[in-house]
Amino acid sequence: MPYQYRGDIAHADVAFDAWAPTLDELFREAARATMHVMVENLEQVRHVQSIELTLEQENEEMLLFDFLNELIFYKDARRLILLPGAVSISPGDVGVTIRATLSGEEIDPGRHEVGTDVKAVTMLRYGVERVAQGWRATVVLDV
Amino acid sequence: MNVPAALKRISDTIWELPVSYKEGMLVPARIVASEKLVKEMDAGVFEQVSNVATLPGIQRYAYCMPDGHWGYGFPIGGVAAMDPRSGVISPGGIGFDINCGMRLVLTSLTAEQVQPKLHQLVDRLFARIPTGVGCHGFIKMKGDDFRSVVQQGSRWCLKNGFANQQDLEMTEEGGCFPGADATHISDKAVERGYNQLGTLGSGNHYCEIQVVQPQNIMDPELAGSFGLTTVPNQVVIMFHCGSRGFGHQVATDYLKLFLSVMERKYGIKIVDRELACAPFHSPEGQAYFSAMKCAVNMAFANRQVILHRIREVFSDVFHASPDDLGLRMVYDVAHNTAKLEKHLVNGSSKELLVHRKGSTRAFGPGLPGLPECYQKTGQPVIIGGSMETGSYLLAGMATGADAWYTTAHGSGRTMSRHEAKKKFRGDKLQREMEQRGIYVRTDSFGGLAEEAGAAYKNIDEVVEATELAGLSKRVARLVPIGNIKG
């Protein structure tokens, strides 16, 4: 399983671990774990709108923080449930850069089984680290 | 049991971790709770409240209220007052949902009058108050209009026909924290917020129809002063929501800013980066304080617009004006704020920056800032329980001074959302609640399961602890009969 929710951190919030062999895949899994809190049947999300996203940060950890917050931003500002398609993370001028294609559609409670709104990514127990099998992230979402 | 061996019992409801408990603690950490509640607290509370005690400028004690549980930075239920000259301001001490708070609204209707129309009322409230993930409000505006909203709060609502003068008088600071300056908020925050005015959100946010049963009135005199008991089985409305995506973006923006300057520019080392902070009088600290006030005002305006919708729904269903139905606010209480207040420290009045994270200001009688009608009673305090178990109206007490006149804000969770979702099924819970006389509508059965009553502490024990500790006095218990949830 590429991500797993945890009940042992911060009772009022939603915590998950995500892991993947590559950083690109880790970002995709963490994004899916975040969106899955808000829409339980992600397979019902149609990919009718797409957004090209480029972000730069000093390290992988803060880059994931910004990336997940960007998804939350689009949900609030444009009612969009977006999932990552192509993701590419590479060294940038001052740190690391992500170029990602996000696609999805407006939330439709008639078709989407909505869950709990995610407000923000927190720093509680937050971390991105290299592990023997690749990469792992621990994220607590404020809901 | 997670209770640290160093925790000392000060009284039946006050527990203390001394400064020797953790390196860097500047003051002791105090937990307000009965023995049963303190034993049930999760380990994160003790870790986090003692971390709060290390923050520069903290005065007297770091506090956690009896509904306290593991939060972000501060525990939820956390309270800390900083000397503004030497102390810091911390987004983790305020929370992401800035000025998440509660309102209690009276009606002159009885349960007997409401019951035949309960389904119609709840269905209409559910249709008219946007709830759930990604919900947008019904007031069309542009970014510049929204900047006026966040600078004016409830005053904007009054000017635009969503409020009356009495609503503003019954809201902390008249529904507008002065000093909110929209130049300190990002375009991103505006874009996240301007279409969310008048929306409830999700999670533990709700709008509930409740009944004041005569046997649940603990203090008839105070209840009368707050407008209860005019009719038996009086129906009231309680709702809980905050500043929505706008407040969350403000918190995220400044959390990142503080992380980048805290140590490099100001040499502040903290034990936990969730407590990212800046000196209150630094340019960054002042910018956040002003931006936070914008989010506070957004939340006041949000609750005010929702109140307007509630009035419309009741008016439609009962074919009478809101005035004829007695739809009048008791009070609006804020949960997640930082505010400059004057308190007594070593016998002298001193201005302090009081952080309240998941806790409620509970001014005792005679304190400045209360409406004239509550000068003798103390501030009405609203403590929301789970949607299954009831809520409370209380009053602030003169004996609350040590805790900066602060009390609990809700039941407090004992079970994680993840665990609750595994344990309960939302559709089944909805049916069981209806059999017990509570009609609930929701966008999300998953979200409903997370809010099951069994996931929360016993509200009766929480409020009893606040009363025994001298923080707030029970006035009445309020029983739910209808609820809309995000």
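Which backbone nitrogen does the side chain of B:T107 reach at 3.0 Å? In this predicted model, the side chain of B:T107 reaches the backbone nitrogen of B:L109 at that distance, 3.0 Å, and the side chain of B:T107 also reaches the backbone oxygen of B:V235, at 2.6 Å. This residue is a convenient place to begin a walk through the structure.

B:T107 belongs to strand β7 of chain B, which covers residues 101-110. The relative accessibility of B:T107 is 2%, and because a residue is called buried when this value is under 20%, B:T107 counts as buried. If we leave aside its neighbours within four places in sequence, B:T107 is in contact with B:Q234, B:V235, B:I237, B:F314, B:L325, B:G326 and B:L327. One of these contacts, B:V235, is also the residue whose backbone oxygen the side chain of B:T107 reaches.

What holds for this residue can be set beside the strand around it. In β7(B), 9 of the 10 residues are buried, and therefore the strand is largely enclosed by the rest of the structure. The strand is joined to β9 of chain B, residues 234-241, by 7 bridges, and the two run antiparallel. Within this pairing, B:V105 stands opposite B:I237 of β9(B), and B:I237 is also among the residues in contact with B:T107. A further set of 6 bridges links β7(B) with strand β11 of chain B, residues 328-334, again in the antiparallel sense; here B:G101 has B:A334 as its bridge partner.

Chain B also contains an open sheet of 7 strands, arranged in the order β1-β2-β3-β4-β5-β13-β12, with mixed pairing. The edge strands of this sheet are β1 (8-9) and β12 of chain B, each of which pairs on one side only. Inside the order just given, β4 of chain B, residues 62-69, and β5 of chain B, residues 76-82, pair in the antiparallel sense over 3 bridges, and one can find B:Y63 with its bridge partner B:V79 in β5(B).

The edge strand β12 leads us from the sheet to the pockets. Which strand gives the most to the lining of the largest pocket? It is β12 of chain B, residues 337-345, which contributes 6 residues to that lining. The largest pocket has a volume of about 330 Å³, and of the 18 residues that line it, B:K342, B:H343, L367 of chain B (B:L367), B:P368 and B:Y405 are the closest to its centre. Sorted by class, its lining has 8 nonpolar, 3 polar and 7 charged residues.

The second largest pocket, with a volume of about 270 Å³, brings chain A into the picture. It is lined by 13 residues, and those nearest its centre are A:Y5, A:V14, B:H418, B:K421 and B:E450. At least two residues of this lining come from each of β1 (3-6), β2 (14-20) and α1 (23-38) of chain A, and likewise from α12 (417-423) of chain B. The largest share, 4 residues, is supplied by α12(B). By class, the lining of the second largest pocket has 5 nonpolar, 2 polar and 6 charged residues.

Besides these pockets, the model has 2 cavities of 30 Å³ or more. The largest cavity has a volume of about 520 Å³ and is lined by 34 residues, with A:A12, B:I76, B:N204, B:H240 and B:H409 lying nearest its centre. Its lining divides into 10 nonpolar, 15 polar and 9 charged residues.

The second largest cavity has a volume of about 60 Å³, and residues from both chains line it, including A:K75, A:D76 and A:D117 as well as B:D97, B:R244 and B:H248. The elements that give two or more residues to this lining are α2 (60-78) of chain A and α10 (244-266) of chain B, and the largest share, 3 residues, comes from α10(B). By class, the lining of the second largest cavity divides into 1 nonpolar, 5 polar and 6 charged residues.

Methods:
Residues numbered from 1 in each chain as written. Chains lettered and ligands numbered in written order. Predicted model: local features only at pLDDT ≥ 70, side-chain atom pairs only at ≥ 80, totals over all residues. Heavy atoms only, no water. Buried < 20%, exposed > 50% of the residue type's maximum accessible area, 1.4 Å probe, protein only. Polar contact = N/O pair within 3.5 Å; in protein donor to acceptor, adjacent residues only side chain to side chain. Contact = heavy atoms within 4.5 Å. Pairing = 2+ DSSP bridges. 1 Å grid on protein atoms, 1.4 Å probe; cavity = no way out; pocket = protein on both sides within 12 Å on 5 of 7 lines; lining within 4 Å. Points joined across faces, edges and corners; volume = space filled by probe spheres on them. Nonpolar A, V, L, I, M, F, W, Y, C, P; charged D, E, K, R; others polar.
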